[in-house]
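The exercises below are meant to be worked with the sequence and the 3D structure in view. Try each task before reading its solution.

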Amino acid sequence: MLEMQILRDQKERVLEGFRKRGLSPERLGLVDQAIKLDDDRKEVQTQLDSLLNERNTLSDEIGNLFKQGKGAEANQLKAKVQEIKDNADTLEKRLQMIKTDLDAILVTLPNVPHISVPEGKTPEDNLVYKQSTEKLPDLPQGSMPHWDLAEKYNLIDFKLGVSITGSGFPLYRGFGARLQRALINYFLEQAREAGYEEILPPILVNAETAYGTGQLPDKEAQMYYVERDDLYLIPTAEVPVTNMYRNQIIPEASLPVKLTGYTPCFRREAGSYGSDVKGINRVHQFDKVEIVQIGHPSTSYEALQGMIDHVAHLMDSLELPYRILRLCGGDMGFTSALTYDFEVWAAGQQKWLEVSSVSNFETYQSNRMKMRYRDDKGKIQLVHTLNGSALALPRILVALLENNQTEDGIKLPKVLVPYTGFEWIRVKE
RNA sequence: GGAGAGAUGCCAGAGUGGUUUAAUGGGACAGUCUCGAAAACUGUUGUGCGGGCAACUGCACCGAGGGUUCGAAUCCCUCUCUCUCCGCCA
């Protein structure tokens, strides 16, 4: 949620940013509505406070009068207090209504894009910031997309996934399952070496947590929901991990807080169809290692760069061709100020697939979560939150299988061998 | 799932309707003393929303939300969580 202060002091920048996101003129008008409501809120608050002050003073007097045995005078004052209370009740109700209206507006306002975010409406308009290589792999005759390779080597059983759960819940087995486990370990180990503390969080969260990182109310339809216990299955480790510091004041010296966590992720992906969901291109349950930073506002963009370098290093080490996109205003997530997407080349499908998204949320999440630090002047300030996938597994698996297929089998990158214990996938296990 | 007890500040812990401005102890920080440190002594020690150029000041907050009352940490209701015992269980 945007800070009221930013809306007031940097209104032009906010409006310009919203235009970049392609918000309708009606929604741009919400900014002025919010400021107007906040003015009202202040005024009513001031009136209410002074009424309550009067009430408190008179109540003290009543107490004293009773002590002195002047019951009659005390009872006279009671009537007066009653009148004040009636007025205060009216103001209190008005204040609540104003706050509700203001909140309703604020939750519909997205984050303000960073100055470097490109103009644009669709994924076509994203800026290719860097591409690892111009040379995309040539595949031999008879090469296959990953769903055929997965069947050939018995790595993933889609039919069993369907019969056990439903479509979009693949069952990995044999070398497929072992490769998943190896990738998780490799990614966690790399993050740990880069200074991230490993977290194994709950994968069901309550509404307050889902609200903190912005999944609620904006993306409610994206999450699985357990009605009986009023809990949500997480769509990413970002949700529980970032919320570790909700409502906390973090000592400035311990910034940046660097956290990593592996979790399964659950996404309903309602409305997806076609070749996008073929194989494991898009599934309802997948595994991901996430990196999260809670940083000082003055260095958060350096931290973002560090996270991009970390992900790029992972991709390089896996010897996979990739490109980094700077997302345009229209394609960027609701809560983000600047997002870089990593896409891997899947040679079997001749397609770029998103494998990581690295974002700086500035104070958008921390304002909701009341996540703060105390600066050297003793003043309390909101932190910046950042996160990125490092990495999401299914599409990495897609690229590993498709790009590395040979007539002799699938050859894995060297760096994974210590984690898998095998270099080739040649036969069904 | 059943029965009972509880939730107070950074921590421990008192407080059962009106100087509560939340006692007391510990911790942390600052000052005095010291070459320096320890000890001792003195002081400070929350958050949010307002007002004020500022010194300062108003309101709210004792798990959360309601209620009773002129007045609530304190009384009542609902919820959440923790602990103890029983049941179940990897």
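**Exercise 1: Positive phi**

Asn247 is found in the loop that runs between helix H9 (238-242) and S8. This is a predicted model. Task: decide whether Asn247 is buried, partly exposed or exposed.

Solution. Start with the backbone: Asn247 is not a glycine, yet its phi is positive, about 60 degrees. Next, take the relative accessibility, which is 49% for Asn247. Exposed requires over 50% and buried requires under 20%. Asn247 therefore counts as partly exposed.

Task: repeat the steps for Gln350, and state in which loop Gln350 lies.

Solution. Gln350 belongs to the loop between strand S12 (338-346) and strand S13 (351-360). Gln350 is also a non-glycine residue with a positive phi, here about 55 degrees. Its relative accessible area is 53%, and the cut-off for exposed is over 50%. Gln350 is therefore exposed.

**Exercise 2: An open sheet**

Task: find the order of the strands in the open sheet that three strands form, and say which strands stand at the edges.

Solution. The order is S8-S14-S15, and the pairing in this sheet is mixed. Strand S8 (249-250) and strand S15 (380-382) each have a single partner strand, so they stand at the edges, and one side of each has no neighbour in the sheet. Now look at one pair: S14 (residues 372-374) and S15 run antiparallel to each other and are joined over three bridges. One residue of this region to locate is Arg374, whose bridge partner in S15 is Ile380.

**Exercise 3: Two helices that cross**

Task: describe how helix H7 (residues 175-193) and helix H12 (residues 393-403) are arranged.

Solution. First, the axes of H7 and H12 come within 11 Å and cross at roughly 115 degrees. Second, this angle makes H7 roughly perpendicular to H12. Third, the crossing of H7 and H12 is right-handed. Fourth, list the residues in contact: H7 contributes Leu179, Gln180, Leu183, Ile184 and Phe187, while H12 contributes Leu393, Ile396, Leu397 and Leu400. Last, sort them by class: the contact of H7 with H12 holds eight nonpolar residues, one polar residue and no charged residues.

**Exercise 4: Cis peptide bonds**

Task: locate the cis bond from Leu216 to Pro217 and the cis bond that joins Ala390 and Leu391.

Solution. Going from Leu216 to Pro217, the peptide bond is cis, with omega near -5 degrees. Pro217 sits in the loop between helix H8 (207-212) and strand S6 (225-226). Between Ala390 and Leu391 the peptide bond is likewise cis, and omega is about 5 degrees. Leu391 is part of strand S16 (residues 384-392).

**Exercise 5: The surroundings of Ser272**

Task: place Ser272 in the fold and name its contacts beyond four places in sequence.

Solution. Ser272 lies in the loop between strand S9 (257-266) and strand S10 (285-295). Its relative accessibility is 26%, so Ser272 counts as partly exposed. With neighbours within four places in sequence set aside, Ser272 contacts Val277 and Arg282. From C-alpha to C-alpha, Ser272 and Val283 are 9.7 Å apart in space, with their positions 11 residues apart in sequence counted as separation.

**Exercise 6: The chain as a whole**

Task: how many helices and strands does chain A have, and what part of its residues count as buried?

Solution. Chain A has 13 helices and 19 strands. Of its 429 residues, 50% count as buried. The C-alpha trace of chain A spans about 100 × 45 × 45 Å along its principal axes.

Note on methods. Residues are numbered from 1 along each chain as its sequence is written. Chains are lettered from A and ligands numbered from 1 in the order in which they are written. This is a predicted model: local features need pLDDT of at least 70, side-chain atom pairs count only at pLDDT 80 or more; totals for chains, interfaces and linings use all residues. Side-chain values use heavy atoms; hydrogens and water are left out. Helices (H or I, at least four residues) and strands (E, at least two) are DSSP runs, numbered from the N terminus. Buried means under 20% relative accessible area, exposed over 50%, partly exposed in between (1.4 Å probe, protein chains only). Contact means heavy atoms within 4.5 Å. Two strands pair if DSSP finds at least two bridges between them. Axes are lines fitted to C-alpha atoms, for helices over the stretch in contact, and angles run from 0 to 180 degrees between N-to-C directions. Angles under 35 degrees count as roughly parallel, over 145 as roughly antiparallel, 65 to 115 as roughly perpendicular and the rest as oblique. A crossing is left-handed if the near helix is turned anticlockwise from the far one by less than a right angle, and right-handed if clockwise. Ala, Val, Leu, Ile, Met, Phe, Trp, Tyr, Cys and Pro count as nonpolar, Asp, Glu, Lys and Arg as charged, and the others, Gly among them, as polar.
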